[in-house]
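Trainee: I've got a new model open and I'd like to go through its sheet and its pockets. Can you walk me through it?
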Amino acid sequence: AAAAMLRPLLLLCACASAKIGTTSRAAPVRPLTSDEPKQSWRQQLNDALPHVQVRIAPLTHLKVRKNIEWLRTRLSIGADYSTQRGLWKLQYAWEDTFIGGRMVLKGTELQLHKAWVLTLGTAANLAATLRLRAALDLRNMRTSCRFGFRTESQGAINIVDGVDLVKRLPLDGQDGHAKLEVKLRVAFPQPDLNVENFGDEGNVYVGMGELEIDVDEMNLCLDW
């Protein structure tokens with residue numbers, strides 16, 4: 001069973017330096033001259049649609065986690081192994097299942113952090129972040145609580161520069177322990193539309209760049 005789970009990791013290492021993609025740019029649809037044959041509508045559509053360029057040169061990790069449920073909290077402890085560097089890094093996360101806060105142990109103080117994002121009025125790009133920090137000193141059992149409030153503008157997502165996506169794919173069933181985590185960045189092309197007039201005739205040029213997909217990470221995750 002262990003060999004079956006490690007088989008996807010070996011596949012990740014093999015494709016870590018692979019690069020797949022096209023190098024040509026999408027050509028604009030230009031007007032036909034009298035001595036050129038007419039293009040079919042399929043060819044014109046193919047010229048107008050963006051080409052897809054996929055680059056696969058990911059960082060690969062083996063992520064091992066053990067989840068423990070205790071007193072309405074969830075403690076996740078484990079380690080990440082980088083196949084490129086050959087190093088292990090300890091990881092842990094402690095979450096409160098009641099309000100969804102993040103718990104951290106700093107010295108003798110147990111802290112709970114939680115943030116809420118609230119939309120202000122009818123302004124779509126204006127929001128407020130409410131932050132909660134509660135602490136319990138385990139040495140003298142003293143408690144403290146602090147709230148913070150800050151307004152900030154939320155800009156629109158720039159799909160031309162790229163959007164980060166994370167997807168986990170189960171390898172041994174929906175309720176299994178092994179998952180393939182893929183982190184990629186998708187940059188959408190920016191269309192280019194030009195209209196030229198020559199006397200009574202007008203020509204429309206349509207150009208489209210490439211849809212770029214960069215696979216940044218491919219990780220094998222083992223959770224119990």
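Mentor: Sure, let's take the sheet and then a pocket.
This is a predicted model, where local features need pLDDT of at least 70, side-chain atom pairs count only at pLDDT 80 or more, and totals for chains, interfaces and linings use all residues. Residues are numbered from 1 along each chain as its sequence is written, and side-chain values use heavy atoms, with hydrogens and water left out.

Trainee: Which strands are the edge strands of the open sheet?
Mentor: Strands are DSSP runs of E, at least two residues, numbered from the N terminus, and two of them pair if DSSP finds at least two bridges between them. The open sheet runs β7-β6-β5-β4-β3-β2-β1-β12-β9-β8, with mixed pairing. An edge strand pairs on one side only, and that gives β7 (143-153) and β8 (163-170).

Trainee: Which residue in β6 stands opposite W116?
Mentor: β5 (residues 109-119) and β6 (residues 126-137) pair in the antiparallel sense over 11 bridges. Opposite W116 you'll find L130.

Trainee: How many charged residues does the lining of the largest pocket have?
Mentor: A pocket is an open set of points on a 1 Å grid over the protein atoms alone, where a 1.4 Å probe fits, with protein on both sides within 12 Å along at least five of seven lines; lining residues have an atom within 4 Å of a point. Here 13 residues line it, with H61, D80, S82, R85 and K89 nearest its centre. Asp, Glu, Lys and Arg count as charged. Beside 3 nonpolar and 4 polar residues, the number of charged ones is 6.

How values were computed. Helices (H or I, at least four residues) and strands (E, at least two) are DSSP runs, numbered from the N terminus.
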